[in-house]
Amino acid sequence: MTVSLYVHVPFCVVKCAYCDFHSTPISPEPALADHFAWAVGEGAAHWAALGVLDDVASIYVGGGTPTTLGSATVSPVDVLHRNARLAPDAEVTVETNPDTTDPAIALQLVEVGVTRFSLGVQSFDDTVLRTLGRCHTASSAERALEDLLGTGAAVSMDLICGVPGQTRDSWRDTVRRAVSSGVGHISVYPLTVEEGTPFAESVSSEAIEPPDDDLAAEMMESAGAELVASGFRRYEVASYARDGCEGRHNAGYWTGRPYIGIGPAAASMLPAEVFGAAIECEAWSDPGVAGIGRTLEGVPPECRRVRMVNPADTITFLRKPVGPPEDVEYLTGVEAAAEDAMLGLRLTDGITDGTASDAGVADVLTELASQGLVEHVGDRWRVTSRGWLLGNEVFESVWYAGTHRGMGWHSL
Amino acid sequence: MESRKEGGQEQRQRDTGSRPIHAHRGPCYTFADMSQATHIRNFSIIAHIDHGKSTLADRVLELTHTVADRDMVEQVLDSMDIERERGITIKAQAVRVLYTAEDGQTYQLNLIDTPGHVDFTYEVSRSLQACEGVLLVVDAAQGVEAQTVANAMMAMNAGLEIIPLINKIDLPAADPERVRHEIEEGLAIPADDAVLASGKTGEGVSAALESVIRRVPPPEGDPDAPLKALIFDSYFDTYRGVVALVRIIDGTVAKGDKIRMMATNVVTDVEEVGVRRPANLPVDALEFGEVGYLITGLKDPALVKVGDTVTLARGGAIEPLPGYREVKPMVFTGLFPIDGDQYPDLRDALDRLKLNDPALIYEPESSHALGFGFRVGFLGLLHMEVIKERLEREFDLDLLATAPSVEYHVFTTAAEQIIVHSPQDMPEPGMIERVEEPYLRATVLVPPDYVGAVMELSENRRATFKDMQYLSATTVEMHYDIPLSELIMDFFDQLKSRTRGYASLDYEYIGYRASKLVKLDILLAGKAVDALSFIVHRDKAYQRGRVLTEKLRGIIPRQMFEVPIQAAIGGKILARETVRAKRKDVLAKCYGGDITRKRKLLEKQKKGKKRMKNVGNVEVPQDAFMAILKVDE
């Protein structure tokens, strides 16, 4: 079974105002960083023992900011290499941000097998960066880009549009500097106000304007046009790449490839039978450290796919790296098919007629096509450029139709 | 009382295994001692809302050991959940308590708790007909308010003894002297010997009961005359059918009697008579002057009407008691299930509620926009809110209510008269000769500083100023004639906010008057949405149309296409706004493959949409249908 491997490093220097990912704003002491690396190794060994890591297509070390671990960033990557059997062309990505990018550590990472860095640039406008609560500046981002490209690894960067106060000019400048930096991969996200973030508070207290959806849409389109004109291809709703630079780890998420998540709040997706085997293991049923172990009940017979999320608490992970997940979702065959169709539509290649009909979503796609959100080309369904901007409409409709088959789309 | 009955009651409690929570404790009284009219006092507690009426009633039950302390739930008499939560009394209640006075004698006190809201004025008036006196409760800090005046007037008109009681004297802001002055000046009721009390601490409660015994006259009546009993309330018991609460004016009623309801002319047998303590306790008979309940086995609440007179089927009274009238709903709204499949459930739920609330009326209504539902008539806005809440809570229905309307009398050019409860039923403008609408006489009590604010609001609402007078240096009483349709449009909230909460309001129905009224249609994406149309005065149509379209633009979310919102009379467009098409709706980065979480966000979004009503192709949130009500001016 080919799988992807994800490691979640729940530390960052400063929590960004808009971020609702699981992370704690601390720079770990070397001892803590080493302990974290040990815990990752324990997690990997557990899955390796179950035979799940025999064919790993990609590794992604994300967060948080993995490079807050400093020189200890190297050990979890190293330990994964030793526990997993990687495909020869495996992609190994480490996320980083401009302030924690150290050229020497970057080189060490490449030496232990890292093939790709993903840098959180977000913007080349310091005013926008301050609004986002980022602690780096445009110039430190450029320096980090140089350092990373200098290692010879592939580099991807994230950009955010639709930020309050961000002008069209500022955005155009950011996109141009991203293109000319020499990276092969650029992801473009609109800013979203997530519940519970400082940013959401500022918006609700009217300290800052909420993001303007129309302007964000315009920026997404202008960025797309600029990137395509510069030789990038949009291969996914938010991602643009030069030929051969497509991110293969994320592509795995959209194509139904199983994945293992190690670390606090990391998600895994497994075929039901593999999960069934994991339940049997001692580490999942042994209470171990008081209060954090529990026994899972068996997998429901109709379940085909399991998605689970590790406990979010970092201390739990550090004390007992291997244990049962906090949340488990059992997906039936019908749900798995609907999910595959929904996620497949995030890719520009879209999904085949076969996938659509397996998922029972051909009718809803026809309906969405009449609204100009998707199109049928050859034997495939693809999202249109209008559909990209209204992705939620498409994904939500496809998921709903796929999981409510036989109810008739129009009555929903 | 006959012991067999008492035993029967206890037996039943043992059978059901429940604690006899309402059985009285202490010495075993026999009601016969106190059933002599000289030892009966029938009284009510009346007050402006929130002046502490129900808490006082609770203290009376405690003091007389009618309900054991440990079984005392706050405000026992307000037994419905919603009544308790909102701190209001909706249905009248009656309870008999026994009180040994300072003179050493034990009296039978019948405490008739009345609804405190103006929607239920008729019920209050019937309850007062069952009494000889009232405790007029006035908050020691708030002083005399509009319903204090209205209730006191009702008690005076009924010729009752009025005992002023200044309540909440434990409050730091209490000013009993000022309030005493307001009662004397404003209501012309002597307040020298007003009872000073606190429902919270219990202080003054026995003084109040002593006052009742000393000042409220015992009931008068003729024990030998044909039976005349006033029904002042009724409720539905699943096992027993309709239970009527009655005051015996003349004669006696006993189990087995054949009786007749004089208004509905229904003849039936008396299955049981009894008294409420507050649980039903059967007795052999109820004699003149007494208050109790009557079970007939009638299952149809429409046959047992509040205000009707009960007499014997043979040799009964010739003339009924005065004052009976049919309770007529004043406010109408369309109730539609959000999920069309719930229509039969809504019908069943309304049928069930009507058993306990004969004032509730409804008929099927269909709307192009909202599908099948009911046009429901209510006594007033509070009644409407309470019923809607009960339907949603007790029957688990998801309902959409259209903006309330009133009953219009439309006179057509063809010399016909049409009753219109719903804007949909309004004839074309060309067919209308004139339209009449219900008017109220509103009484507003307010500190002098806010007279200007009240005048401004009232002018905005087509109200005609009648007169005003100073009740005291701090309170002015103003009278207006105002269309009911204006009053139900957020009037009370506006009044409160413009007077910083100081104004109080009461009103009574005064009749129909002609007005220049037109139907204003609201069009979404070019199609008139029947459930959004409303009736408005011609001079206000343009302004309301503009305000409402603007409001709707804020309420209707952006859709996949542009949605024009228009206000129109006949074919003439008065105002237009546009909800631009939605351009962007994407989720942010999906991290670490936590697709479950993102998908749940999508599902939540979908659920939000399902709670909206799909009108044509436009998703309309529920708020839109109530927006008409909240036209800030």
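Is Arg180(B) buried or exposed? In this predicted model, select Arg180(B) to begin: the residue is buried, because its relative accessible area of 13% falls under the 20% cut-off.

**Around Arg180(B)**

Display helix α7 of chain B, residues 176–187, which contains Arg180(B). Next, add Ala191(B), which lies 11 residues from Arg180(B) along the chain, with 5.7 Å between the two C-alpha atoms. Leaving aside residues up to four places away in sequence, the contacts of Arg180(B) are Ile166(B), Ala191(B), Asp192(B), Ala194(B) and Leu196(B). Selecting these five together with Arg180(B) shows the contact set in one view.

**Helices α5 and α6**

Move to residues 121–129 and 146–157 of chain B, which form helices α5 and α6 respectively. Their axes come within 10 Å and cross at roughly 40°. The pair is therefore classed as oblique, and the crossing of α5(B) and α6(B) is right-handed.

For the side of α5(B) in this contact, select Thr121(B), Val124(B), Ser125(B) and Leu128(B); their counterparts in α6(B) are Asn151(B), Met154(B) and Ala155(B). Colouring the contact residues by class gives 4 nonpolar, 3 polar and no charged.

**The domains of chain B**

Finally, colour chain B by its domain assignment: domain 1 covers 35–215, domain 2 covers 228–312, domain 3 covers 331–401, domain 4 covers 409–515 and domain 5 covers 518–629. To close the tour, select domain 2 and domain 5 of chain B, whose C-alpha centres lie 52 Å apart.

Methods: Residues are numbered from 1 along each chain as its sequence is written. Chains are lettered from A and ligands numbered from 1 in the order in which they are written. This is a predicted model: local features need pLDDT of at least 70, side-chain atom pairs count only at pLDDT 80 or more; totals for chains, interfaces and linings use all residues. Side-chain values use heavy atoms; hydrogens and water are left out. Axes are lines fitted to C-alpha atoms, for helices over the stretch in contact, and angles run from 0 to 180 degrees between N-to-C directions. Helices (H or I, at least four residues) and strands (E, at least two) are DSSP runs, numbered from the N terminus. Angles under 35 degrees count as roughly parallel, over 145 as roughly antiparallel, 65 to 115 as roughly perpendicular and the rest as oblique. A crossing is left-handed if the near helix is turned anticlockwise from the far one by less than a right angle, and right-handed if clockwise. Contact means heavy atoms within 4.5 Å. Ala, Val, Leu, Ile, Met, Phe, Trp, Tyr, Cys and Pro count as nonpolar, Asp, Glu, Lys and Arg as charged, and the others, Gly among them, as polar. Domain bounds come from an automatic or database domain assignment. Buried means under 20% relative accessible area, exposed over 50%, partly exposed in between (1.4 Å probe, protein chains only).
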